[in-house]
Amino acid sequence: MTTIIDGNAVAEEIRDGLADAIDALDEAGVKPGLATVLMSDDPASETYVSMKQRDCEEVGIEAFDYGLDPETPADELYSLVDDLNDDDEVHGILVQMPVPDHVDDRTVLRRIDPAKDVDGFHPENVGRLVAGDARFKPCTPHGVQKLLAAADVETEGADVVVVGRSDIVGKPMANLLIQKAEGGNATVTVCHSRTDDLAAKTREADIVVAAAGVPELVTGDMLSEGVVVIDVGVNRVDADNEKGYELVGDVEFDSAKEKASAITPVPGGVGPMTRAMLLWNTVKAAAEAEDVDVDLP
């Protein structure tokens, strides 16, 4: 029988587990602070930022909200980031991507103080991740690790196929899984748009992490019996319903479920974990900045 890995439940456990760490910070006179910066009028980005702010309020993290008109000159965004770097009440900074075309996203990422880069995308933090000394693990790959652990999926010695090579998910996911550490020690193959015969690769996998951004790319006939499937994708496709669309993953859920021993749904799988691990990183950033010992879940 296939296990449906409930990301909402695991994320709730993470949030509950952060309470002790936040209490320890409070006793030391510290309130973790996360600044979110939105320079877009995209409804999805606006919704995502508001959800992050709500998450902060629920667990006791101070949420600082900054909105810039999409036409604002890039220098104003860079100046805001500089100000947040210097603000002692702000322990984590998140600039919601994508930013407008006239803003260089790489410049934005490099502008954030690495000690406040709770997304884990600053080059210094990427380098530390690859070197096996991560300051912050990127939220989505870290969330996937937590989901695998919660489902008692052993990564050590496992053959893993990561479908997707983005800087946000694919590359850091592969790096985490090959680390000589808990939640790692896997043999990892990274596939992408230029991979020849993707199905031949995925059929050999014990674990498939689908993060290509292509709706229902991975189907049941591309999987082996008993595989564990982690679907990172969230894609909006046309549907005959009131909304006119539905959300689907990068995996064709119904056919994959017939093969998988465990699988994440979309929505309700990886998505809630990404948000939970952002809180996790923010609490860690506050503890390290203020030199307070905390236990993180």
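Here is a chat about how some labels on this predicted model are earned.

Me: Let's start with the sheet. What makes strands E3, E2 and E4 an open sheet, and in which order do they stand?

Reply: The 3 strands line up as E3-E2-E4, and their pairing is parallel. E3 (62-67) and E4 (92-95) are at the edges with a single partner strand each, so one side of each has no neighbour in the sheet. From one strand to the next, the twist averages 15°.

Me: How do you know that E2 and E4 count as paired?

Reply: Two strands pair when at least two bridges are found between them. E2 (residues 33-38) and E4 are joined by 4 bridges, so the pair passes that cut-off. You can look for threonine 36 opposite leucine 94 in E4, and for alanine 35 opposite isoleucine 93 in E4.

Me: What makes you say that helix H2 packs on the sheet?

Reply: Helix H2 (residues 43-59) touches E2, E3 and E4, and touching here calls for heavy atoms within 4.5 Å. The direction of H2 makes about 170° with that of E2.

Me: Why is serine 45 called buried?

Reply: Buried is the word for a relative accessible area under 20%. Serine 45 has 5%, so it is buried. This serine is found in helix H2, and it touches Leu38, Ser40, Gln96, Met97 and Pro98, leaving aside residues up to four places away in sequence.

Me: Back to E4: what makes its two faces covered?

Reply: Gly92 and Leu94 are on one side of E4, Ile93 and Val95 are on the other, and all of them are buried.

Me: And alanine 21, is that residue buried or exposed, and how do you know?

Reply: Buried: the relative accessible area of alanine 21 is 1%, and the cut-off is under 20%. Alanine 21 has its place in helix H1. Among residues further than four places away in sequence, alanine 21 touches Val283, Val294, Asp295 and Leu296. From alanine 21 to methionine 173 you go 152 residues in sequence and 26 Å in space, C-alpha to C-alpha.

Me: Now the charged pairs. Why is the contact of glutamate 12 with arginine 15 called a salt bridge?

Reply: Side chains of opposite charge can pair when their charged atoms come close. For the name, a side-chain nitrogen of Lys or Arg has to be within 4 Å of a carboxyl oxygen of Asp or Glu. The closest N and O atoms of glutamate 12 and arginine 15 are 2.6 Å apart, so the pair qualifies.

Me: How are glutamate 12 and arginine 15 placed in helix H1?

Reply: They are 3 residues apart in helix H1 (residues 7-27), which means about one helical turn separates them. Glutamate 12 is partly exposed at 36% relative accessibility, whereas arginine 15 is buried at 14%.

Me: How do you know that aspartate 167 and arginine 106 make the cut?

Reply: Their closest N and O atoms are 4.0 Å apart, and the rule says within 4 Å. The pair is listed as a salt bridge. Aspartate 167 sits in the loop between strand E5 (159-163) and helix H7 (170-178), and arginine 106 is in helix H4 (residues 105-111), so the pair ties together parts 61 residues apart in sequence. Arg106, Asp167 and Lys171 are linked in a network of salt bridges.

Me: Why is aspartate 167 called partly exposed?

Reply: Partly exposed runs between the buried limit, 20%, and the exposed limit, 50%. Aspartate 167 has 44%, so it belongs there.

Me: What about aspartate 133 and arginine 128, what makes them a salt bridge?

Reply: They meet at 3.4 Å, N to O, and the limit is 4 Å. Aspartate 133 is partly exposed at 45%, and arginine 128 is partly exposed too, at 26%. By this rule the model has 8 salt bridges.

Me: Zooming out, which domains does the chain have, and how far apart are their centres?

Reply: The domain assignment gives domain 1 (27-116) and domain 2 (139-272). Their C-alpha centres lie 28 Å apart.

How values were computed: Residues are numbered from 1 along each chain as its sequence is written. This is a predicted model: local features need pLDDT of at least 70, side-chain atom pairs count only at pLDDT 80 or more; totals for chains, interfaces and linings use all residues. Side-chain values use heavy atoms; hydrogens and water are left out. Axes are lines fitted to C-alpha atoms, for helices over the stretch in contact, and angles run from 0 to 180 degrees between N-to-C directions. Domain bounds come from an automatic or database domain assignment. Buried means under 20% relative accessible area, exposed over 50%, partly exposed in between (1.4 Å probe, protein chains only).
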